[in-house]
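Here is a short report for a reader meeting this structure for the first time. Please keep the sequence and the 3D view open while reading.

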Amino acid sequence: MEVIFGRNIEEHPEPIKAQVKGEIPSWLQGILLRNGPGMHTVGETRYNHWFDGLALIHSFTFKNGEVYYRSKYLRSDTYNSNIEANRIVVSEFGTMAYPDPCKNIFSKAFCYLSHIIPEFTDNCLINIMKTGDEFYATSETNFIRKINPQTLETLEKVDYTKYVAVNLATAHPHYDSAGNVLNMGTSIAGKGKTKYVVFKIPSSVPEGEKKKSCLKHLEVMCSVPSRSLLHPSYYHSFGVTENYIVFIEQPFKLDIPKLATAYFRGVNWASCLSFHKDNKTWFHFIDKKTKKDISTTFYTDAMVLFHHVNAYEEDGQIIFDVICYADSSLYEMFYLKYLNAEFEENTKHFSLPTCKRFVVPLQWGKDAEIGSNLVRLPSTTATALKENDGSIYCQPETIYEGIELPRINYDYNGKKYRYIFAAGVQWSPVPTQIVKVDVLTKKCLTWREEHCWPAEPTFVPYPHAKEEDDGIILSSIVTSDPRKAPFLLILDAKTFTEVARATVDVELHLDLHGMFVPKKDLKSQED
């Protein structure tokens, strides 16, 4: 297990033709871009956590029934500094690095003061984001890196703080029908006024500014004050409906005083996150028109979540589906010291991810009784109980257990939908199957094959799709048996039968997230 997780993966910057078994659909033209950690040792030094590894972007290009693979390390400032020093000199979330050993009390004090508000890494290893005609590698810091989606070349470094006052930002933005990007981040600066900031990046720039980035026209939509100024919630994603932004303030919190002293104390930033099991989880619903949070207080029990699945409105109620955990053990499981031959034993206490549905009523009668259930949807067992103080206590319906990295047909994002495509995890946090869940019937279809670890499934619709699951699933498959070559899998999304697989005679890395870019969206890159 450690061999797969801890080793460095060789990059392949020139395209490699894959061996295709089956038939690649003729209409499938474009690039599947994926991002994730690929290098965990530099010289004699090693990262502590799998999520810390240097970003390796890889792609599968579909052209006239053929598939070409390539991969390239993101040439971030972090990458360049580490390679030049031949050791890890830039800190990551789970690994604190010390580039300049402090030789005396004065330099030690200077090092401490310069790290009170940390200079975060630009090792953007989590996802790929599209803004206008530009593509960026993203993580959860204030930095993103522009890339060329065809050559995977690393381009300029962008600092969000030049456009919006956030120290952290999610790697899971949303896109509206016009192509505008909606994202949110946490502002931990500014005289203790810690807040969560929602911002929009337009899909285009005015006619006279064609050579300028859409980021220059970034607009702050609204902000939500943190319930705790020194302990804001950690969040990895958020949800959107037609009229609302869905934000969950969970009791998995970042301790700012600890963060400010982490460098001086010689501990990593991850140690500044903690789960408060006795606290509540608060729901925020921000009206896109008024740009204000709904005044009613909605909450549920303590939980941890990383991924929203989808959210929508129906009959005056907001329905949102999320992947929940009972605690914060997921992050702990991916420390490299646990990813060894005893991996299965180490993960016995891993909190199983569960897809849960919450339903929140937006209006109800003033005469509603205390303790009454305000949910009016007959299709769910989720409840929303009115409390004495006027707050609403929400209890979810369990949709499905043991799935992560959820994706949907994005044409249904923010709308009523039926199907989730996800990675199935049974005995450990490592995916061993691809799962399609019908949220209406709770029935599922699965794909699995021995010694295969599938990546997050990406749904690509047919050109003239009529139903929600008219399309294909793309997933890069890492093999745990060295005698079995890795491959890109293509499934029929409706039946989950294999359409084709494209085998590559190179080592693939376990990636995190990415996107499919149709050929039409690559035209500007070719000009």
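The sections below cover a sheet, a hairpin, a group of histidines and the cysteines.

## The model and one of its sheets

This is a predicted model. Begin with an open sheet of five strands. Their order is 1-7-6-3-38, and the pairing is antiparallel. Two strands sit at the edges: strand 1 (12-17) and strand 38 (513-518). Each of these pairs on one side only. From one strand to the next, the twist averages 20°.

Look next at the pairing inside this sheet. Strand 3 covers residues 30-39, and strand 6 covers residues 54-63. Nine bridges join strand 3 and strand 6, in the antiparallel sense. One residue shows the register: Ile31 has Thr61 in strand 6 as its bridge partner. Helix 2 (residues 77-85) packs on the sheet. Helix 2 touches strand 3, strand 6 and strand 7 (66-73). The direction of helix 2 makes about 120° with that of strand 6. As a general point, strands of a sheet pair through backbone hydrogen bonds, either parallel or antiparallel.

## A hairpin: strands 23 and 24

Now move along the chain to strand 23, residues 304-314. How many of the 11 residues of strand 23 are buried? Nine of them are, so strand 23 is largely enclosed by the rest of the structure. Its partner here is strand 24 (residues 317-325). The two run antiparallel and are joined by eight bridges. In one of the pairs, His308 has Val322 of strand 24 as its bridge partner.

Strand 23 and strand 24 form a hairpin, with two residues between them. Asp315 lies in the turn and has a positive phi of about 55°.

## Glu314 and Phe421

Glu314 lies in strand 23. Is Glu314 buried, exposed or partly exposed? Its relative accessible area is 23%, so Glu314 is partly exposed; the cut-off for buried is under 20%. Leaving aside neighbours within four places in sequence, Glu314 is in contact with Ile319, Leu377 and Lys416. With Lys416 there is also a polar contact, side chain to side chain, at 3.3 Å. Val359 is 45 residues from Glu314 in sequence. In space, their C-alpha atoms are 9.7 Å apart.

Phe421 lies in strand 30 (residues 419-424). Its relative accessibility is 1%, so Phe421 counts as buried. Val309 is 112 residues from Phe421 along the chain. The C-alpha atoms of Phe421 and Val309 are separated by 9.6 Å.

## Four annotated histidines

The unreviewed UniProt entry carries the annotation "binding site". This annotation covers His172, His236, His307 and His513. Where do they lie relative to one another? They span 342 residues in sequence, yet no two of their C-alpha atoms are more than 12.3 Å apart, so they gather at one spot.

Take His172. It lies in the loop between strand 12 (168-169) and strand 13 (174-175). With a relative accessible area of 15%, His172 is buried. Residues up to four places away in sequence aside, His172 touches Asn127, Asn183, His236, Ser237, Phe238, His307 and His513. The side chains of His172 and His236 are joined by a polar contact of 3.0 Å.

His513 is placed in strand 38, an edge strand of the five-strand sheet. His513 counts as buried, at 4% relative accessibility. Beyond its neighbours within four places in sequence, His513 is in contact with several residues, among them Leu33, Arg34 and Asn35. The contacts of His513 also include Ile126, Asn127, Leu405 and Glu456. The other annotated histidines, His172, His236 and His307, are contacts of His513 too. The side chain of His513 makes a polar contact of 3.2 Å with the side chain of His172.

## Cysteines

How many disulfides does the structure hold? The count is zero. Cys324 is in no disulfide. The nearest cysteine sulfur to that of Cys324 belongs to Cys355, 7.8 Å away; a disulfide needs sulfur atoms within 2.5 Å.

Cys324 is buried, with a relative accessible area of 4%. Cys222 counts as buried as well, at 9% relative accessibility.

Definitions and conventions. Residues numbered from 1 in each chain as written. Predicted model: local features only at pLDDT ≥ 70, side-chain atom pairs only at ≥ 80, totals over all residues. Heavy atoms only, no water. Pairing = 2+ DSSP bridges. Helix = DSSP H or I, 4+ residues; strand = E, 2+ residues; numbered from the N terminus. Axes fitted to C-alpha atoms, helices over the stretch in contact; angles between N-to-C directions. Contact = heavy atoms within 4.5 Å. Buried < 20%, exposed > 50% of the residue type's maximum accessible area, 1.4 Å probe, protein only. Polar contact = N/O pair within 3.5 Å; in protein donor to acceptor, adjacent residues only side chain to side chain. UniProt positions renumbered as here; feature names shortened; annotations may be inferred.
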